[in-house]
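User: I would like to learn how to read a ligand site and a few backbone and side-chain features in a model. Please take them one at a time.

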Amino acid sequence: MELKGQAFPDGFLWGGAVAAHQLEGGFDQDGKGLSTADVMTIGANGISRKITDGIDPNEFYPNHNAIDFYHRYPEDIKLFAEMGFKAFRTSIAWTRIFPNGDEDEPNEAGLKFYDDMFDECLKYGIQPVITLSHFEMPYHLVKKYGGWRSRKVIDYFVKFATVVFKRYKNKVKYWMTFNEINNQTDYESSHALFTDSGIIPKPGENNEKLMYQAAHYELVASAKAVKIGHEINPDFQIGCMIAMTPIYPLTSKPKDVLFAQRAMQTRFWFADVHANGFYPKWLLNHFAEENFEMDITNNDLESLKEGRVDYIGFSYYMSFAVKDTGKLEYNESHDRVDNPYIKASEWGWQVDPVGLRYALNWFNDRYHLPLFIVENGLGAVDKITSDKKVHDDYRIEYMNNHISEMKKAVLEDGVDLIGYTPWGCIDLVAASTGQMSKRYGMIYVDEQDDGTGSLERYRKDSFYWFENVIKTNGSEIG
Ligand code: P53
């Protein structure tokens with residue numbers, strides 16, 4: 001099929017994506033409480049961020065001020081409107097609404113901030129697309145309850161969700177519950193359990209068991225929120241958010257293929273529970289095999305059934321590969337191998353546009369639900385010229401190649417895709433490293449890793465390129 005000249009379906013949601021803690025700053029403004037993102041220091045390429053016990057005055061915390069979207073959002077949203085955005089994905093910082101997480105009443109100043117910011121989007125016809133928990137939760141819930149170790153946190157989350165669903169029921173249609181809930185599959189990494197679940201494992205604890213229990217509570221909380229959301233506004237579309245990294249077998253050796261299949265099951269069972277409303281049997285068998293005494297009640301199983309998601313939101317940056325290890329259990333922190341057919345980014349992320357078409361078809365075949373690409377992009381070092389230009393042809397190439405594969409999935413394969421919101425449409429603080437220099441944006445922000453800089457915004461070459469993609473509804477992409 002000749003793709004050039006054909007447009008995406010009418011109403012396709014082109015836009016951009018960010019998360020509250022990575023761009024807002026204002027970490028202690030207007031009653032906001034401390035969040036898990038506020039106790040993570042800066043790292044570097046290959047060097048993990050530290051998680052400190054509260055705030056250490058000798059450390060630098062890049063999320064505290066981030067890019068100051070909290071005060072500059074009118075200017076930034078104006079730039080998004082100039083690019084032609086139809087949708088803007090961000091998250092609500094739980095700690096602006098419930099500073100400690102366990103209060104009875106929400107913080108009005110925090111609610112007002114999102115009211116005003118959403119109005120600013122709607123003024124330009126930009127739909128806010130909202131994640132409820134994007135890699136952050138009140139730090140108080142971590143200190144008092146151990147984060148998502150505790151079943152109690154389900155109620156606090158559901159309360160938070162209910163308050164914001166009611167407040168914004170006429171301003172927001174598309175919601176997601178937990179960002180990249182499946183990132184914690186990498187439970188041995190230094191902070192996947194903390195960013196997803198507010199958990200700091202103690203020496204001798206079984207991280208895998210911790211991960212499964214926390215994920216279970218989150219899935220129940222998500223399902224309860226979905227059910228309540230639909231009662232508040234039946235038009236709500238409430239999705240999950242999965243970090244999609246296809247996992248390929250390194251060769252066609254049957255044991256490589258079988259292992260890759262189990263690796264996919266291990267990384268994506270979260271989506272099964274979100275979409276199907278029940279646990280896959282292989283996983284229940286695994287819990288029994290490992291003697292994980294999981295706290296899963298009959299009421300929980302009922303909730304999971306009643307709160308199935310409306311769509312699958314997912315991020316797509318890269319693919320993985322694996323080969324037979326002589327056992328079937330996949331350990332994400334150890335079992336990945338380099339794919340010889342793929343080049344990696346400067347940060348070691350294996351860039352694979354074809355994998356996006358594969359991912360779209362995989363989700364479509366498995367769940368038969370609408371899909372929404374809510375993150376995609378290239379983290380790269382940008383150079384700004386003396387006349388304030390950024391010639392980011394590498395970013396344009398990355399996006400062009402991904403949109404081209406996405407177009408094939410939609411127009412040739414018939415995948416039902418709601419929209420495409422590339423990550424970090426404006427430069428912001430990287431989640432994994434805390435760096436500003438790992439830039440994704442189409443808008444350059446003058447800020448360095450140490451927080452210095454004027455915070456001025458500049459349009460990159462990719463800004464004008466994406467503006468044209470949106471204006472032509474993708475019809476010039478081949
Ligand atoms: P940064 C790992 C793998 C795939 C996506 O990531 C990931 C991560 C965690 O870093 O996170 C998502 O900023 C996440 C965003 C994040 C973005 O990808 O580490 O939802 O918050 O910023 C890019 O380069």
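User: How far is the polar side-chain atom of tryptophan 423 from an oxygen atom of the ligand?

Analyst: A polar contact is a pair of N or O atoms within 3.5 Å. In this predicted model, a polar side-chain atom of tryptophan 423 is 3.2 Å from a ligand oxygen, so the pair falls inside that cut-off.

User: What are the distances from a ligand oxygen to the side chains of asparagine 179 and tyrosine 440?

Analyst: For asparagine 179, an N or O atom of the side chain lies 2.9 Å from an oxygen atom of the ligand. For tyrosine 440, the corresponding distance is 2.5 Å. On its own the ligand exposes 480 Å², and 92% of that is buried by the protein.

User: Which residues come nearest to the ligand, and where does the ligand sit?

Analyst: There are 16 residues around the ligand, and the nearest are Gln22, Ala431, Ser432, Lys438 and Tyr440. The ligand occupies the largest pocket.

User: How do the residues of the shell divide into nonpolar, polar and charged?

Analyst: Eight residues of the shell around the ligand are nonpolar, five are polar and three are charged.

User: Now the backbone. Which sign does phi have at aspartate 30, and where is that residue placed?

Analyst: Aspartate 30 is not a glycine, yet its phi is positive, at about 50°. Aspartate 30 belongs to the loop that runs between helix H1 (20–23) and helix H2 (69–83). Its relative accessibility is 43%, so aspartate 30 counts as partly exposed.

User: What is phi at asparagine 473, and is asparagine 473 buried or exposed?

Analyst: Asparagine 473, a residue other than glycine, has a positive phi near 50°. Asparagine 473 is in the segment that follows helix H14 (461–471). Buried means under 20% relative accessible area; asparagine 473 has 16% and is therefore buried.

User: Last, a charged side chain. Where does aspartate 272 lie, and is aspartate 272 buried or exposed?

Analyst: Aspartate 272 is part of helix H9, which covers residues 254–276. The relative accessible area of aspartate 272 is 6%, so this residue is buried.

User: With which side chain does aspartate 272 make a polar contact?

Analyst: The partner is the side chain of tyrosine 367, at 2.5 Å. Taken together, aspartate 272 is a buried residue in helix H9 with a side-chain polar contact to tyrosine 367.

Note on methods. Residues are numbered from 1 along each chain as its sequence is written. This is a predicted model: local features need pLDDT of at least 70, side-chain atom pairs count only at pLDDT 80 or more; totals for chains, interfaces and linings use all residues. Side-chain values use heavy atoms; hydrogens and water are left out. A residue is near a molecule or strand if one of its heavy atoms lies within 4 Å of it. A polar contact is a pair of N or O atoms within 3.5 Å; within protein, one must be able to donate a hydrogen and the other to accept it, and residues adjacent in sequence count only if both atoms are side-chain atoms. Accessible areas come from the Shrake-Rupley method with a 1.4 Å probe; for residues, only the protein chains shown count as cover. On a 1 Å grid over the protein atoms alone, a cavity is a set of points where a 1.4 Å probe fits but cannot get out, and a pocket is an open set with protein on both sides within 12 Å along at least five of seven lines; lining residues have an atom within 4 Å of a point. A molecule sits in a cavity or pocket if more than half of its atoms lie within 2 Å of its grid points. Ala, Val, Leu, Ile, Met, Phe, Trp, Tyr, Cys and Pro count as nonpolar, Asp, Glu, Lys and Arg as charged, and the others, Gly among them, as polar. Helices (H or I, at least four residues) and strands (E, at least two) are DSSP runs, numbered from the N terminus. Buried means under 20% relative accessible area, exposed over 50%, partly exposed in between (1.4 Å probe, protein chains only).
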